[in-house]
Amino acid sequence: MYKSMVARYGYKLVGAALVAYSVVMGLWIEVPQLPILGQSIRNLFYHVPLWFSMTFLLMLSAGNSIRYLSSSDLRCDALAAAQVRIALWFGFVGMLTGMVWARTTWGAWWVNDPKLLGAAAGILFYLAYEVLRGAIDDADRRARIAAVTNIIFFCMFIPTIFIIPRLTDSLHPGSGGNPAFNIYDLDHRMRWVFYPAVVGWMLVGVWLASLSARLELLHLIAAGILNKSALRSSSGHEG
Amino acid sequence: MWQQIRWLTHKEFVYEWRSRYLWVGLLLYLSATTFLVYLGIPQPEPSLWVTIYWIVLFFVAVTAVARSFLQESRMRMIYMQSLASPLSLLLAKMIYHGFQLVVLAFVAWLLFALVFGSPIVQTALFALIIFSGSLTFVLAFSMMSAIAAKANQAMLMTLLCLPVILPSMLLIWRLSEGVLSPKVGSFPWADFLMLWALDVILLLLALILFPYLWRD
């Protein structure tokens, strides 16, 4: 009993605490003063974790799609769909925060940069997935077709991220001779906010997705496709 | 299994031969698009030439491969399902449309060379890229055609094909840029291998996932 309570609430509490901590401390701590970057370096705590969490959620979603295909359990499908939905939101917010940062440091809202193109490609992939889901009415058929599509998309999304940087040079940290996180990581104070932020946003993302999945299950129950017991046992199914 | 694939491929060829107007339609589509591009950009730069070539071929490929599953009537699908395993059905479709698309791609090259002139310096390498690129298109689009058919939405076809071909398309563009210059050593073989690696991934995904999609 105690164990299941920890599994149910533990990660939500930890995630919420870490996000709250990183949001406050990200504004509070002293950061290295670097030319051009200036105070905008603090965006590292908000922009970068969102991308990490997006990819993490998409990975979980692909895993849930595989689980759906092997079990035909609609709860797995609801989770996979919800994780993509939350990942898309993270993607949009990540893109907005990235644009603000790009405007400050590079002088333009959008540059033809591999990392940005990769992000745009990812959003393109999963918006197509959302349209596909919207186009099918029957729940079981939708689940099966969406699961197949999700797995294929994930397997093509990952190569896309790695291939795009081969095409052009990049302004983005970590490519084209630009320093990556190493220069920030040298500063241990920032590391103490950055890593908690990454873990925190990932956990909160999983939490949000599980809520969204429960909402979808409620719709399915209201439509008479699932019975009520699906909702009760689904709480142990996150992740 | 091999027997089934041979039989089904044979069936595809015979069926398509009996409805030759489909080929004529695709060729017409290709020429009309080329003509339209010519009206807009009479003399494209070499790198633009390559980009337009592959975009035109993309849409031709989507139209051609979409037919593999979208066109079949429901009754015939059920009949097929009772006769052959899903994998042989998929592979037969891929073989036929692979053949079709390679032919179309070379016709498109010919057409582009006629209309715009050909900026390709290393012809043999470009032929190799065209061959590999067409195969990639078929491997990626056959599955999408099956998905669109199962969803009963022909509109989804283009929408799904666009993301799934994205990584391969980027590699194909990069490879095609390589054959524009006369420098022999400049061809990016690493990217070529990566394109084939993506092909292998697409094929494996199709073979693993198609049976799930197929059962009703």
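At 37% relative accessibility, Gly25(B) counts as partly exposed, because that class covers the range between the 20% limit for buried and the 50% limit for exposed. The model in which this glycine sits is a predicted one, and Gly25(B) offers a convenient point of entry to chain B. Its place is in helix α2 of chain B, which runs over residues 21-40. Along the sequence, Gly25(B) is separated from Ala64(B) by 39 residues, whereas in space their C-alpha atoms are 9.7 Å apart.

This pair leads to the overall organisation of chain B. The chain contains eight helices and zero strands, and its elements, read from the N terminus, follow the order α-α-α-α-α-α-α-α. Of its 216 residues, 50% count as buried. When the contacts of chain B with a sequence separation of 6 or more are considered, 85% of them are accounted for by residues 24 or more positions apart.

Chain A may be described in the corresponding terms. It has eight helices and zero strands, with the order α-α-α-α-α-α-α-α from the N terminus on. Its 239 residues include a buried share of 52%. Among contacts between residues at least 6 apart in sequence, 75% in chain A join residues at least 24 apart.

Within chain A, helix α3 deserves a closer look. This helix spans residues 74-105 and therefore comprises 32 residues; the distance from its first C-alpha to its last is 46 Å, close to the 46 Å expected at 1.5 Å a residue. Of these 32 residues, 23 are buried, so α3(A) is largely enclosed by the rest of the structure. Backbone features of interest occur on both sides of the helix. In the loop between α2 and α3 of chain A lies Ser72(A), whose phi is near 55°, a positive value in a residue other than glycine. Ser72(A) has a relative accessible area of 41% and is partly exposed. Just after α3(A), Gly107(A) takes a positive phi of about 90°.

The confidence of the prediction should be kept in view for this chain. Chain A averages a pLDDT of 80, and 82% of the residues score at least 70. Confidence in chain A is highest in helix α2 (residues 47-71), at 91, and lowest in helix α6 (residues 182-185), at a mean of 51. Over residues 234-239 of chain A the pLDDT is below 50, although this stretch has 18 contacts in the model beyond near neighbours in sequence. Where pLDDT is low, the predicted coordinates should not be read in detail.

Attention now turns to empty space. Rolling a probe the size of a water molecule over the atoms shows where such space is left. A search of the whole structure finds three cavities of 30 Å³ or more. The second largest cavity holds about 70 Å³ of space. Its lining consists of Lys11(B), Glu12(B), Tyr15(B), Glu16(B), Arg67(B), Ser68(B), Gln71(B), Glu72(B), Arg76(B), Lys93(B) and His97(B). Three helices of chain B, namely α1 (2-18), α3 (46-70) and α5 (86-116), each supply at least two of the lining residues. The largest share, four residues, comes from α1(B). By class, seven residues of this lining are charged, three are polar and one is nonpolar.

The second largest pocket contains about 340 Å³ of space. It is lined by 17 residues, and those nearest its centre are Arg74(B), Met77(B), Ala149(B), Lys150(B) and Asn152(B). Helices α3, α4 (74-83) and α6 (123-150) of chain B each supply at least two residues of the pocket lining. Sorted by class, the lining of this pocket has eight nonpolar, four polar and five charged residues.

One of the residues nearest the centre of this pocket, Asn152(B), also stands out in its backbone. Asn152(B) is found in the loop between α6 and α7 (156-178) of chain B. Its phi is near 60°, a positive value in a residue other than glycine. With a relative accessible area of 60%, Asn152(B) is exposed, because the threshold for that class is over 50%.

Technical notes
Residues numbered from 1 in each chain as written. Chains lettered and ligands numbered in written order. Predicted model: local features only at pLDDT ≥ 70, side-chain atom pairs only at ≥ 80, totals over all residues. Heavy atoms only, no water. Buried < 20%, exposed > 50% of the residue type's maximum accessible area, 1.4 Å probe, protein only. 1 Å grid on protein atoms, 1.4 Å probe; cavity = no way out; pocket = protein on both sides within 12 Å on 5 of 7 lines; lining within 4 Å. Points joined across faces, edges and corners; volume = space filled by probe spheres on them. Nonpolar A, V, L, I, M, F, W, Y, C, P; charged D, E, K, R; others polar. pLDDT = per-residue confidence, 0-100. Contact = heavy atoms within 4.5 Å.
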